Amino acid sequence: MFFIFRNNLLHWAFEKVKEKVQSKYHLALTAQSLAFSGLQEVSINNITAVPDSADTLLTINSIKVGLSFFDLLTGSIGFNSVVCDTFTVHAYNETQRNNISFLRKKSTANDTAKTSSTVTMTYKEMLQRITDRIFQVLNTSIALNEFNLYYKDSLRDEHVKIPGFHFDRKNFNGLLISLKKTNNDTLVFTGEVIKRNHIYNFNITDNSIDKNYLPFLDVDKQLRCRFGNISGSVEFEKSGSYQTLKADISANDIHVNHWRLAEEDVVFPLLQFKGSVKVEDNVITLDSISVLKLKY
């Protein structure tokens, strides 16, 4: 019976999502076509998101998602795979042209009442929620082909591009290119996920000949920074009463620029951190054997 009416159910669910997005964010979400293209695969084409009385915020040429049958059995929505082609975001944050103001949600009396009645989470619960979401994403294979972000405000005019990002539930790799008027800056990122031990290894390298400051941190008289390479390993451990976050991270050729610091870049050839943080209900403790090295 499900297979007979599944496309109808899919369209009904999408309409509910559209209603929620419109009500909460005043954002019109549309898709030209939406249908099952396999036993558990859903294809969505020509997606747009347009804020009320504003420019189009995002367009996506196509998305294919593989639904997790196990999650469906438990009453939740999860994905085994996500393939996204040609994802474009145009964000304007100017006085006369703004299509991201909905992100700064104005609080209402109803929101205040909800906040006051909400049970406060402990540090351990907050970390657990974050790690649960990370683990859920890491159970999904991801392929992103051609992502472009255009952002403009009174100080910045940024264009960031990801030609491709791929994650097969174990290894990931991709490029992030910051397009400039004179030359581009390319960051290469790779990594590995060791799920059984909750270990995550990563490496980010600036492969550009002419080093630029990082995107959104390249405004005169403001904080600007860049680096040559950052690599490291992060590990989560969980026990009955606390969680432990271990990290071993190294960065080199770090440049920081701010008018309050100096006229020229402040350069740190090497920065290293190796240690662990213990997260309990109401206390976060840095292990006494943790080490931070800063060479300048």
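**Exercise 1.** Work out whether Lys18 is buried, partly exposed or exposed, then look at its salt bridge.

*Solution.* Start with the accessibility of Lys18: its relative accessible area is 24%. Now check the cut-offs: buried is under 20% relative accessible area, exposed is over 50%, and partly exposed is in between (1.4 Å probe, protein chains only). So Lys18 counts as partly exposed. Next, find its partner: Glu15 makes a salt bridge with Lys18, and their closest N and O atoms are 3.4 Å apart. That fits the rule, which asks for a side-chain nitrogen of Lys or Arg within 4 Å of a carboxyl oxygen of Asp or Glu. Glu15 is partly exposed too, at 38%. Finally, place the pair: both sit in helix 1 (residues 2–25), and because they are three residues apart, about one helical turn separates them. Helices here are DSSP runs of H or I with at least four residues, strands are runs of E with at least two, and numbering goes from the N terminus.

A quick word on the model: it's predicted, so local features need pLDDT of at least 70 and side-chain atom pairs count only at pLDDT 80 or more, while totals for chains, interfaces and linings use all residues. Residues are numbered from 1 along each chain as its sequence is written, and side-chain values use heavy atoms, leaving out hydrogens and water.

**Exercise 2.** Find what Arg97 pairs with, and which parts of the chain the pair ties together.

*Solution.* The partner is Asp55, with the closest N and O atoms 2.9 Å apart. Arg97 lies in the loop between strand 4 and helix 3 (109–117), and Asp55 in the loop between strand 2 and strand 3, so this salt bridge links parts 42 residues apart in sequence. Now the accessibility: Arg97 is partly exposed at 36%, and Asp55 is partly exposed at 31%.

**Exercise 3.** Describe the neighbours of strand 3 and say how enclosed this strand is.

*Solution.* First, one side: strand 2 (residues 41–51) pairs with strand 3 in the antiparallel sense over eight bridges. Pairing needs at least two DSSP bridges between the strands. Here, Thr48 has Thr59 in strand 3 as its bridge partner. The two strands form a hairpin with six residues between them, and Ser53 in the turn has a positive phi of about 55 degrees. Then strand 4 (residues 79–93): it pairs with strand 3, also antiparallel, over nine bridges. Val65 is matched there with Val82. Last step: seven of the ten residues of strand 3 (residues 58–67) are buried, so the strand is largely enclosed by the rest of the structure.
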